[in-house]
Amino acid sequence: ESSADPGIGGAPDQQPGPPISLEADMARIIEEQADVIAQKQLYHSQLMLGVAALGTDIVSAKQSTMMVASALRSGNTPIATDALVKLGDAQFAQVNDRTLPYRFNSQISGLLQGIILDAISQAYSSQPDKITEAQLMLSKLFASANVEAMRLPKEPPRFQAPAFSPEPLRLAAGEAVEQPK
């Protein structure tokens with residue numbers, strides 16, 4: 001026997017809520033896949049750097065991903081722009097031999113942008129019109145980060161320690177060098 005009151009024994013009839021906006025739906029997709037997106041960012045950035053440095057750390061990648069989702073939901077693009085532009089900053093402290101690629105921050109940011117675009121495109125794979133609209137929305141969001149990244153100085157960062165030199169190190173006068181026995 002079933003109860004006449006759906007609140008006691010059965011589930012109440014669920015009314016569909018108001019339709020969710022595309023921005024909010026995209027933010028939901030990004031948030032649900034934030035860990036996977038961050039892992040992909042780590043993997044691809046490590047491939048780009050090779051042995052020169054560690055790739056984007058997982059915490060920064062996930063935080064930047066969540067900031068993009070937040071910017072989509074709230075319309076606050078400066079927060080996402082700042083996160084994307086500074087995503088590669090951590091690698092500058094690791095590498096002191098000028099092996100980082102040119103315009104590194106824009107390259108690392110571009111990786112994350114591509115990974116997010118791919119995640120959204122896969123989520124809407126059965127709805128080509130939504131893919132196009134979503135890509136346009138993301139392109140507008142990413143455009144401000146791309147412009148800002150291009151405003152960064154063109155020359156490589158100045159490091160605290162000197163770069164490697166082809167000249168061998170010389171000892172100051174008066175220092176003895178021990179020869180191996």
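The following dialogue concerns helix packing and one buried loop residue in a predicted model.

Visitor: What should be known about the model beforehand?
Guide: In this predicted model, local features need pLDDT of at least 70 and side-chain atom pairs count only at pLDDT 80 or more, while totals for chains, interfaces and linings use all residues. Residues are numbered from 1 along each chain as its sequence is written, and side-chain values use heavy atoms, with hydrogens and water left out.

Visitor: Why are helix 2 and helix 6 called oblique to each other?
Guide: The axes of helix 2 (residues 34-49) and helix 6 (residues 104-123) come within 10 Å and cross at roughly 140°. Angles under 35 degrees count as roughly parallel, over 145 as roughly antiparallel, 65 to 115 as roughly perpendicular and the rest as oblique. The two helices are therefore oblique.

Visitor: Which residues of helix 2 meet helix 6?
Guide: Contact means heavy atoms within 4.5 Å. Among the helix 2 residues are I37, K40 and Q41, and their partners in helix 6 include F104, Q107 and I108. The residues of this contact divide into 10 nonpolar, four polar and two charged.

Visitor: What makes T56 a buried residue?
Guide: Buried means under 20% relative accessible area. T56 has 1%, and is therefore buried. T56 lies in the loop between helix 2 and helix 3.

Visitor: With which side chain does the side chain of T56 make a polar contact?
Guide: The partner is the side chain of Q41, at 3.5 Å. A polar contact is a pair of N or O atoms within 3.5 Å, one able to donate a hydrogen and the other to accept it.

How values were computed:
Axes fitted to C-alpha atoms, helices over the stretch in contact; angles between N-to-C directions. Helix = DSSP H or I, 4+ residues; strand = E, 2+ residues; numbered from the N terminus. Nonpolar A, V, L, I, M, F, W, Y, C, P; charged D, E, K, R; others polar. Buried < 20%, exposed > 50% of the residue type's maximum accessible area, 1.4 Å probe, protein only.
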